[in-house]
Amino acid sequence: MSAPFRFPKFFVTNPAPCPYLPGKVERKVFTELSGHNAAELNEALGRIGFRRSQSVAYRPSCVDCSACVSVRVRAQDFVPSATQRKLIRRHGDLEIGACRPWTTEEQYALLRRYLAARHPGGGMAEMDEHDFADMVEQTPVRTYVVEYREPSVDGRPGKLVGACLSDQQSDGLSMIYSFYDADPGARRGLGTYIILDHIIRAARAGLPYVYLGYWVEGSDRMAYKASFKPMEKLGRDGWRRIDQPELVTEPVIADQLPARRPSRILIDA
């Protein structure tokens with residue numbers, strides 16, 4: 001007989017400055033992911049807008065703002081734009097592997113360079129090796145680090161130029177955090193390519209969605225997410241394509257891809 005399901009306890013954080021909208025204050029509701037049902041709870045909460053960070057699931061719960069909207073790409077229906085097709089061809093020589101969630105010095109060095117170049121004053125700027133290990137390795141669900149490397153030379157792995165911490169769920173891939181080489185002279189468009197690769201992986205594995213986290217309309221930092229179509233956003237009437245109007249209802253709780261060389265799918269890692 002299976003153990004009885006225990007409804008999780010939820011908590012609320014203290015208000016803090018919003019990282020996306022100046023002058024706004026953010027607050028989050030969160031719960032712990034633990035026990036035998038952690039993966040099932042994480043997926044159920046993910047479908048109503050929660051995100052995972054280590055062994056915690058959280059979502060915005062701001063008093064006077066609802067700008068943060070959960071979004072996901074419909075992988076099976078995705079058709080890349082001309083610019084996205086160019087990126088797929090440009091980075092088609094990268095060697096990609098899905099690794100178990102265990103950190104390396106090489107990954108941490110890449111993260112430090114990425115944060116220094118893109119988010120020097122962000123909340124993760126002071127992250128040390130132990131913090132990074134906690135972010136990657138403390139997971140109660142099926143998680144991978146997808147690595148993107150330059151072509152190998154003489155049998156030796158090429159330079160690590162990108163990585164993404166990703167959860168594999170029954171209905172898709174959830175991109176937790178990605179980072180890449182953003183130094184001057186680095187490959188261009190790596191961040192976009194990592195998302196495109198996840199969409200292709202999901203589609204080939206028969207998984208319907210790629211979860212991209214939160215999107216804030218009007219935020220320059222979030223604008224890139226809207227270029228992956230068709231995209232769905234979570235509203236009061238559930239998930240709906242971003243280009244379709246929202247219905248006025250009560251709140252609810254509840255392959256056309258370009259040819260490319262085969263790449264490993266997370267489900268087979």
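This section describes the salt bridges and a charged surface patch in a predicted model. A search of the whole structure finds 16 salt bridges. Three of these pairs are set out below, followed by a network and the patch.

The side chains of E232 and R72 form a salt bridge, with an N to O distance of 2.8 Å. E232 belongs to strand β13, which spans residues 231-235. R72 belongs to strand β7, residues 68-74. The two partners are 160 residues apart in sequence, so the contact ties together distant parts of the chain. Both ends of the pair fall under the 20% cut-off for burial. E232 has a relative accessibility of 8% and therefore counts as buried. R72, at 7%, is likewise buried.

A second salt bridge joins D183 and R113. Here the closest N and O atoms are 3.3 Å apart. This pair also links distant parts of the chain, with the two positions 70 residues apart in sequence. D183 sits in the loop between β11 (172-180) and α5 (190-204). R113 sits in helix α3, residues 105-118. Neither side chain is classed as buried: D183 is partly exposed at 29% relative accessibility, and R113 is partly exposed at 30%.

R240 and D237 make a further salt bridge, at 3.0 Å from N to O. The partners fall on opposite sides of the 20% cut-off. R240 has 22% relative accessibility and so counts as partly exposed. D237 has 19% and so counts as buried.

Salt bridges with shared partners also produce a network. Its members are R72, R74, D77 and E232. The buried pair described at the outset, E232 and R72, thus belongs to this network.

Charge also collects on the surface. A patch of negative charge is formed by E105, D128, E129 and D131. D131 lies in helix α4, which covers residues 129-137. Its relative accessible area is 35%, so D131 is partly exposed. Patch members must have over 30% relative accessible area and no salt bridge, and the value for D131 meets the area condition.

Notes:
Residues are numbered from 1 along each chain as its sequence is written. This is a predicted model: local features need pLDDT of at least 70, side-chain atom pairs count only at pLDDT 80 or more; totals for chains, interfaces and linings use all residues. Side-chain values use heavy atoms; hydrogens and water are left out. A salt bridge is a side-chain nitrogen of Lys or Arg within 4 Å of a carboxyl oxygen of Asp or Glu. Helices (H or I, at least four residues) and strands (E, at least two) are DSSP runs, numbered from the N terminus. Buried means under 20% relative accessible area, exposed over 50%, partly exposed in between (1.4 Å probe, protein chains only). Patches are made of residues with over 30% relative accessible area and no salt bridge: like charges are joined within 9 Å, nonpolar side chains (Val, Leu, Ile, Met, Phe, Trp, Tyr) within 5 Å. Accessible areas come from the Shrake-Rupley method with a 1.4 Å probe; for residues, only the protein chains shown count as cover. Lys and Arg count as positive and Asp and Glu as negative; His and the chain ends are not counted. The place of a charge is taken as NZ of Lys, CZ of Arg, CG of Asp or CD of Glu.
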